[in-house]
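Reader: Please take me through the two chains, how they are related and what holds them together, giving the criteria as you go.

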Number of protein chains: 2
Amino acid sequence: MLVPRFFPFIAFIIFSMACVAQHPSLMLSQKNLAEVVRGIGQYPLLKKSFSSVKDLADEAVKNPINVPVPKDGGGGFTHEQHKRNYQYILACGTAYQITKEKKYAEFVRRILINYASQYETWPLHPQQRSSNPAGKIFWQNLNDCVWQVYVIQGYDLVYNYLNVADRNSIEQHLFIPVVKFLMEDNKETFDRIHNHGTWDVAAVGMTGYIINKKDWVEKALKGSKKDNTSGFLAQINQLFSPDGYYTEGPYYQRYALLPFLLFAKAINQYDPQLKIFNYGNGVLKKAIHTALQMTYTNGAFFPINDALKDKTFESEELIYGVDLAYGDISTDRDLLDIAQKQDRVIISDAGLKVAKEIAAGKSKPFVYKTLWVSDGDKGDEGGLGILRSGDNNDQQCVLLKASAQGMGHGHFDRLNLLYYDNGSEIFSDYGSARFLNIETKSGGEYLPENKSWAKQTIAHNTVVVDQVSDFKGELNKAEANHPQLIYFNSSNDLKVVSAEENNAFEGVQMTRTIVLANLKELEKPMVIDVFKIRSNKEHQYDLPYWYQGHITNSPFKIQPNTKKLEPLGPDFGYQHIWLNATGSSETGNASVTVLNNQRFYTTTFLTDSSTRVKFVTLGANDPNFNLRNEKGFIVSQPKAKNHLFISLVESHGNTNPIAETTVASTARVHSLKLLTDNDEVSSFQFMLQNKTYTITINYNIKQAFITLQ
Amino acid sequence: MLVPRFFPFIAFIIFSMACVAQHPSLMLSQKNLAEVVRGIGQYPLLKKSFSSVKDLADEAVKNPINVPVPKDGGGGFTHEQHKRNYQYILACGTAYQITKEKKYAEFVRRILINYASQYETWPLHPQQRSSNPAGKIFWQNLNDCVWQVYVIQGYDLVYNYLNVADRNSIEQHLFIPVVKFLMEDNKETFDRIHNHGTWDVAAVGMTGYIINKKDWVEKALKGSKKDNTSGFLAQINQLFSPDGYYTEGPYYQRYALLPFLLFAKAINQYDPQLKIFNYGNGVLKKAIHTALQMTYTNGAFFPINDALKDKTFESEELIYGVDLAYGDISTDRDLLDIAQKQDRVIISDAGLKVAKEIAAGKSKPFVYKTLWVSDGDKGDEGGLGILRSGDNNDQQCVLLKASAQGMGHGHFDRLNLLYYDNGSEIFSDYGSARFLNIETKSGGEYLPENKSWAKQTIAHNTVVVDQVSDFKGELNKAEANHPQLIYFNSSNDLKVVSAEENNAFEGVQMTRTIVLANLKELEKPMVIDVFKIRSNKEHQYDLPYWYQGHITNSPFKIQPNTKKLEPLGPDFGYQHIWLNATGSSETGNASVTVLNNQRFYTTTFLTDSSTRVKFVTLGANDPNFNLRNEKGFIVSQPKAKNHLFISLVESHGNTNPIAETTVASTARVHSLKLLTDNDEVSSFQFMLQNKTYTITINYNIKQAFITLQ
């Protein structure tokens, strides 16, 4: 894996840390301080942002200092207190620089002296688990790294307030032992090419800059052996694709971004000649933009892989990201739109610039794109296909997940589809099974159902073969393979992405083609989903659509299970699904209409006499009420070698319960019919009112991959 | 029932319709027209409101006129078209008066001539149903009345534009036959003391004023026999309680208000000497204010009885209500707050005043109150107890439903409890089972599950005896009885309502006392729910709490049904409930914590060794996917004569998934213990941290009904 893209660059690294002699020196610099103070009086967003920082700082100084001996896991008291403490330290440091009121600096001094008086006596955290290396302050080392990244910024902000004795005491008894713990005791994490590694090197490297330890900085950049087999630069090279995609997916991309950005900013301040933001073809800038492109217009990240669904671009990492991208990298005015939605800037040189230019009316709507985002350090390990249509107030968005596995947090969801419209999820991903920081839910950690349900293929909108997950749910096999992009095109009327996955199920080749098609008979573009399967052996193929909303129409024969529910299967996630009803259609077609956020969505799909449509609800085998009761319908082909799933999804009409009006509650598409399906070509037709459309996909002809007439 | 409260008043009615000779004469009057036109240029809310009226009018004049022969039921094409037509007529009439552009008036002229050319040939609507009297334009007569109420306003607005021949044609061939249909053919509805009757008399009376038919007005006011046994004045007397509560509940109160207000406004314009807004102690004004008091801070009406849950005070009826209340009755400045949230005013004399005073900064926050709203025309048939705490941004609200049955749309939910906090429903009411105007869902009408589920007692947060609903679900028995208020008090620290119901279950006396108590150990007031049952025979008592959110903790022994679900019972709604798990506690206490909208809610309740806690999900016996999959837990006492349910509901902590912080996820209350429970007194204690609180309820002592120490 280790092929740094810009190895020669690294040879020129010269550590010239002396160039920043004064404090503060990181997000907020001595040079710009006076202008930031003026800006707080002038620019509403900066003013408001400082006001909430100051509120936090005031809360900090109001209460007695509390540095408890670490004891509790995530969500527990000591965990939350130490978290609060690092937030207090940064807030007070910032408040001190802006207001010059000594009480804030004094708080930082006193609490750091307190930590310094205890830290060396703390053993490894008592709540440590085998899953992750233990911290001392928190149950996992990762949180200790985060703690240090915040705390060192606070220290930089009050550096000039402290006398030499205090500095010595804090550095000797806190920062040096912390760095020893993070860099030496946890050397494996320090050298890991992984987001935990990034937090670790950022903590060590930033501390190195601030307390002037060149060796730490060098190791943080180039790895403990200083040979670039690990460390920050290797991480930049290997963790992001050339398109700025972080291999674990958007949720962890967001999380991983923060240490990348904070450490990069520190590098840029202390070693500007490294031009770190241009490193690797400017991949950090791309990573920020790509993170934003992996959100829907409601701000939520696509919840693929292990992801908490309520994470949005309003999260702190992206506030740093947007501010630094605009302030330090390039002034793309549509970033200001995101900053306005974030409603907060960092009290920093970059935040000043953002707030100032928003106040000057320079913001323009964020430009969401139809794009292919490649995965893999060389960009050849599949990726995400994102098709969009409509403006930011009412946008359709379809995602094809054809990226690589993404390490341990990856889901077994090759060729998964997500669909958004009208500000809402229509076909959704469960995300992870986790209640973050809620102690009564497995200590706030990933729940057992994350593995037994959320990671399994059936939890996603993609084909399951013989009721067994991709790669039988085995991570190492999944890591060894990735899907391939077949075709991507974005024209106004026909946006297309097609990708294949030939390793997830032995002897089964799968190609999914997703189209967002502008058809003049329809008010909104139609989603065309063509899932082609080739196999020499007979299999059961299940294609679930997990929908949000309520079914308003399903006009075909349905046998409901009204008096008893049983799980759909024994394992691979099927054990968590209740089977509510089974439908069949003799007409060659069936459709399901769902009402969601006052709009209707009809999925019309191909059937034959053996097709079964299974209406299901999540929740079986869930003794601790850990699962949400999501609903889906599964188009199931019980016995086939080759098979073609075709689904047409129409967004139509609306209902307004306040005005009591309903428009176009039934779909217009009908008479879907398969024409051809062989190794090279799939062709089918459907009708809209009286017009017949024929779609042909030529899998091997790039120049005429798809035709619609 | 017929005891007009202000009979002498009626004797002075003098019909002096001549006093308004000019048109327009209703919501928008000739006298104020010039000022309204000026106001549209000046006041943002009026400008914006007119802009959307004009958009609708422009849409109307742009397309060909379409007056289809009535054919379809609710949500179908002809239904929606005729609905659109009356909205077009009113919008074009308004646009004509404001802009004086003839195209708008000409549209109204042409479409009314078109209706006049067809109306007399239309038979009763082909989609008529036995449940409601048929209309001619719509499937039910009710919608025909609504149509006429809108259309006559449009006619008034273009009256001066029309020549005598057009007026004759429209009056002779449309309005006179329409009134004949509504007043004579549907005499029963016309004389009914019911919201359908109100729409009918409003349609007839308003038409009478505008086309100068004194006889119609008199019948509309005093009933077809002109003896005040029916008609508008009798409706005012009998349909509203002295507190302005409409007996069917908030959802229908909203709906019923509109014809009351529109007709009252017409009466006030043509017969100002009647002082109709003061009639019956000003009950119409009270009805508007009470309607607003029956909303939560998110604007949603309490969804008791048959109610669509997404109805808010933004609905058109309340826009009329707020504008008229402020414009014609009394200038309560907190109404302007509601008008701002409605974000629309009626283009009218009243709307002008509202928009003008909002622009002048006169708005102040709407004053939500803790209050008892009596039901019954004399105010002695039970009512609603509403307890509130906190400001409009974060308000706790508890409702005790102890009103009378409320006719055919009433639910069998005596002593039901609803609980709101933090902008969200916590313990919720299902509302009605209906997808309004969605044809594929039983033609948009009430679904079969409305009767089999939504109306049944178990669908509500109140006690069910022996798995049978209140009054065995029989309407006439339920109509004959009502609960009684026992005690109501609103102090800052202890808000209390207590009511009894002794007829719902034979031989069972039930008293529910709900308290919202400020306790200094807690961040938010605690809800204390004491449900006392007295009986000589043994029964099963089930107390369900239908919650919104996700269970995060239930620390007692729970036997989950992980591999098979079955319905909880055979009928009275139990057939729709899946039993997910059954819990029991030997400690005398149990608690369930739910996370909802980032806040935690813990319900701690009394148990003994026979108590079972049933965790349930709605959805059994639902072959057409008509039910939402709501969740609840039922505290079930399998065999008891007397029994006391005590539940303490604590709102605590929060979780912020964006900032990744969690605070106070576990409850502080513990050690709940019963001390005494006899006919006169119930007493119990609980602990908060180390403090013991003792609560005593003296049911027969008004002066010391409840003590807390």
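Author: Helices (H or I, at least four residues) and strands (E, at least two) are DSSP runs, numbered from the N terminus. This is a predicted model, in which local features need pLDDT of at least 70 and side-chain atom pairs count only at pLDDT 80 or more, while totals for chains, interfaces and linings use all residues. Residues are numbered from 1 along each chain as its sequence is written, chains are lettered from A and ligands numbered from 1 in the order in which they are written, and side-chain values use heavy atoms, with hydrogens and water left out.

Reader: Which peptide bond leading into Pro24(B) is cis, and what is its omega?

Author: Pro24(B) sits in the loop between helix 1 and helix 2 of chain B. In chain A, Pro24(A) lies in the loop between helix 1 (7-11) and helix 2 (33-42), and the bond from His23(A) to Pro24(A) is cis, with omega near -5 degrees. In chain B the cis bond joins His23(B) and Pro24(B), with omega about -5 degrees.

Reader: What does the side chain of Ser25(B) contact?

Author: Ser25(B) is found in the loop between helix 1 (7-11) and helix 2 of chain B. At 1% relative accessibility this serine counts as buried, a class that means under 20% relative accessible area, with exposed over 50% and partly exposed in between (1.4 Å probe, protein chains only). A polar contact is a pair of N or O atoms within 3.5 Å; within protein, one must be able to donate a hydrogen and the other to accept it, and residues adjacent in sequence count only if both atoms are side-chain atoms. By that criterion the side chain of Ser25(B) has a polar contact of 2.6 Å with the side chain of Tyr270(B).

Reader: What kind of axis relates chain B to chain A?

Author: Copies are superposed by least squares on the C-alpha atoms of residues with pLDDT of at least 70 in both. Chain B is laid on chain A with an RMSD of 0.1 Å by a turn of 180 degrees and a shift of 0.0 Å along the axis. This is therefore the relation of a two-fold axis.

Reader: Which residues supply more of the area that chain B buries against chain A than any other three?

Author: With contact meaning heavy atoms within 4.5 Å, 53 residues from chain B meet 54 residues from chain A. Buried area is the accessible area (1.4 Å probe) that two parts lose on being put together, summed over both; between these chains the value is about 4400 Å², of which carbon and sulfur atoms give 57%. The three residues, which supply 17% of the area that chain B buries against chain A, are Phe625(B), Ile658(B) and Glu660(B).

Reader: How many salt bridges, and how many residue pairs in polar contact, are counted between chain B and chain A?

Author: A salt bridge is a side-chain nitrogen of Lys or Arg within 4 Å of a carboxyl oxygen of Asp or Glu. The structure holds 74 salt bridges over all chains. Between chain B and chain A the count is 0 salt bridges and, with both residues at pLDDT 80 or more, 15 residue pairs in polar contact.

Reader: Which residue in helix 14 of chain B is linked to Arg254(B)?

Author: Arg254(B) lies in helix 12 of chain B, and its partner is 63 residues away in helix 14. Arg254(B) is buried, with a relative accessible area of 0%, and the partner is also buried, at 7%. The closest N and O atoms of the salt bridge are 2.7 Å apart, and the residue that pairs with Arg254(B) is Glu317(B).

Reader: Which helices are among those covering the buried residues of helix 16 of chain B?

Author: Helix 16 (residues 349-359) of chain B is mostly covered, with 8 of its 11 residues buried. Among the buried residues are Leu352(B), Val354(B) and Ile358(B). What covers the buried residues includes, in chain B, helix 2 (30-42), helix 3 (44-62), helix 14 (316-329) and helix 15 (334-342).
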